[in-house]
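User: Please take a close look at the surroundings of the ligand in this model, and then set that part against the sheet and the core.

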Amino acid sequence: MSLTEAQALEMLRSDDLIGVGMEADSLRRKLHPGNIVTYQIDRNINYTNICTEYCSFCAFYRPVGSPEGYVLPLETIYQKIEETIALGGTGVLMQGGLHPDLKMDYYENLLRAIKARYPQLHLHCLSAPEILNIAEICGITVREVISRLVDAGLDSIPGAGAEILDDEGRHRTAGPVSQVDHRRRGRGAGRCWRSRRSPAAATGRPPTPATGCPGGRSRRWP
Ligand code: SF4
């Protein structure tokens, strides 16, 4: 069951937030009539803010060499995980910028160390662009990166907006990376691990009626 393209376009153009919310709730009730909503407690941990992508909407990243750039020490990451567990958390979403110098062994050691210490913790880590970045700087395939990350303890991959793979929208927000190339490479990452990804879309990203609505010709991971 899904919206028609015309319905999705109408909602995208509407400023009736309550009405759109009621429609969404109605659809949700049809798909999941049990009226049970679940949630989990987790925490975002940004292991580094150094990034070479320079997305125009991003206030988080710092360029290489910035005095405000950081890579979190492992002890600091442990401390954040402890705080999460103390609040009933069951997982962490760990993402950072596209660091040009952190190689495969850094990520493997990081995940392996966390998993050894907190075996029950769900590790939902590293967006498609980060995985592509690791593959690129290490000269290995995306498949190998994901396979090695899984071996080290990775449980699933966040969407991180990669499902809005529309050239026009991304051109207005992402950095200088080729949009088409970004999409092609993102698809490669998605295909490698089809069943363990989550969708996400950053508020304020600029979908257009022609390309960005859920029922229209939105670009999704394959
Ligand atoms: S890739 Fe991520 S961290 Fe880097 S500039 Fe874009 S949104 Fe910011």
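**Ligand shell, sheet and core**

Analyst: In this predicted model, the ligand is surrounded by Cys51, Glu53, Tyr54, Cys55, Cys58, Phe60, Tyr61, Gly97, Leu98 and Pro129. By class, the shell is made up of 8 nonpolar residues, 1 polar and 1 charged.

Turning to the sheet, 3 strands form an open arrangement in the order 1-2-3, and their pairing is parallel. Strand 1 (42-46) and strand 3 are the edge strands; each has a single partner strand, so one side of each has no neighbour in the sheet. On average, neighbouring strands are turned by 25 degrees against each other, direction ignored. Strand 2 and strand 3 run parallel and are joined by 4 bridges. Val92 has Leu123, in strand 3, as its bridge partner. Helix 3 (residues 74-86) lies across strand 1 and strand 2, and runs at about 165 degrees to strand 1.

Leu123 also belongs to the largest nonpolar core, which has 25 residues. Leu123 is among those with the most contacts inside this core, together with Leu111, Cys125, Ile131, Val145 and Leu149. The elements giving two or more residues to the core are strand 2 (91-95), helix 4 (104-117), strand 3 (122-125), helix 5 (128-138) and helix 6 (142-152). In soluble globular proteins, nonpolar side chains tend to be buried together. Leaving aside residues up to four places away in sequence, Cys125 touches Leu93, Met94, Gln95, Leu111 and Leu154.

Conventions: Residues numbered from 1 in each chain as written. Predicted model: local features only at pLDDT ≥ 70, side-chain atom pairs only at ≥ 80, totals over all residues. Core = buried A, V, L, I, M, F, W, Y, C linked by C-beta atoms within 7 Å. Buried ≥ 20, exposed ≤ 12 C-beta atoms within 10 Å, placed from the backbone. Contact = placed C-beta atoms within 7 Å. Near = placed C-beta within 6 Å. Nonpolar A, V, L, I, M, F, W, Y, C, P; charged D, E, K, R; others polar. Pairing = 2+ DSSP bridges. Axes fitted to C-alpha atoms, helices over the stretch in contact; angles between N-to-C directions.
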